[in-house]
Amino acid sequence: MIKSPCVISIKQTDAAILNMLWDDGHLSPFTLRHLRDDCPCAECKGETVLLHTFHPSPQTEKPGRYVLKSIVPVGNYAIQITWGDGHETGLYAWDYLREICPCDECFQRRN
Ligand SMILES: [Zn+2]
Ligand SMILES: [Zn+2]
């Protein structure tokens, strides 16, 4: 059986980058912009296409949109991210995060 990988550590390395380390040794160097634009909540999903890594929408950009306020673990399967503009309905499940992982290896696997 294949066990789904899960994130064991999350580090913000600078203002715009969130490094997620997986229990299988994989490293996902997410940008905050990417995570926010790929927010899986119902409100955002309407305008975001799955696996879209870059989704510029300056007309909807509010101050703080790409500012990380807090990350809260949800059970052992997901994290909830609160953003600087107050948005907090996005629940990022491990398998979703792995699916949108921006590293070269995953990028090439998808393309
Ligand atoms: Zn959202
Ligand atoms: Zn990856």
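**Close-up 1. An open, three-stranded antiparallel sheet.** In this predicted model, three strands line up in the order 1-2-3 to make an open sheet, and their pairing is antiparallel. Strand 1, covering 7-14, and strand 3, covering 27-31, sit at the edges, so to speak: each of these edge strands has pairing on one side only. On average, neighbours in this sheet are turned by 20° against each other, if you ignore direction.

**Close-up 2. Zooming in on strands 1 and 2.** Here we look at how strand 1 meets strand 2, which takes in residues 17-22. Six bridges hold the pair together on paper, and the sense is antiparallel. Want a residue to start from? Pick D14: its bridge partner is I17, over in strand 2.

**Close-up 3. The hairpin of strands 4 and 5.** Further along the chain, strand 4 and strand 5 make a hairpin, with three residues between them. G75 is in that turn, and its phi is positive, at about 55°. The two strands pair in the antiparallel sense over six bridges, with strand 5 spanning residues 78-83. Two of the pairs are handy for finding your way: L68 has W83 of strand 5 as its bridge partner, while V72 is matched with Q80, also in strand 5.

**Close-up 4. Strand 4, out in the open.** How many of the seven residues of strand 4 are buried? The number is zero, so this strand, made up of residues 68-74, lies largely in the open. To count as buried, a residue needs 20 or more other C-beta atoms within 10 Å of its own. For the chain as a whole, 17% of the 111 residues count as buried.

**Close-up 5. Strand 5 meets strand 6.** Now follow Q80 the other way. This residue, the bridge partner of V72, also has a bridge partner in strand 6, namely L91. Strand 6 covers residues 91-93, and three bridges join it to strand 5, with the two running antiparallel.

**Close-up 6. Stepping back to the whole chain.** With the details in place, here's the overall layout. Four helices and six strands make up the secondary structure of the chain. Reading from the N terminus, the elements go β-β-β-α-α-β-β-β-α-α. As for contacts, take those in the chain with a separation of 6 or more: 36% of them are between residues 24 or more positions apart.

Key. Residues numbered from 1 in each chain as written. Chains lettered and ligands numbered in written order. Predicted model: local features only at pLDDT ≥ 70, side-chain atom pairs only at ≥ 80, totals over all residues. Pairing = 2+ DSSP bridges. Axes fitted to C-alpha atoms, helices over the stretch in contact; angles between N-to-C directions. Buried ≥ 20, exposed ≤ 12 C-beta atoms within 10 Å, placed from the backbone. Contact = placed C-beta atoms within 7 Å.
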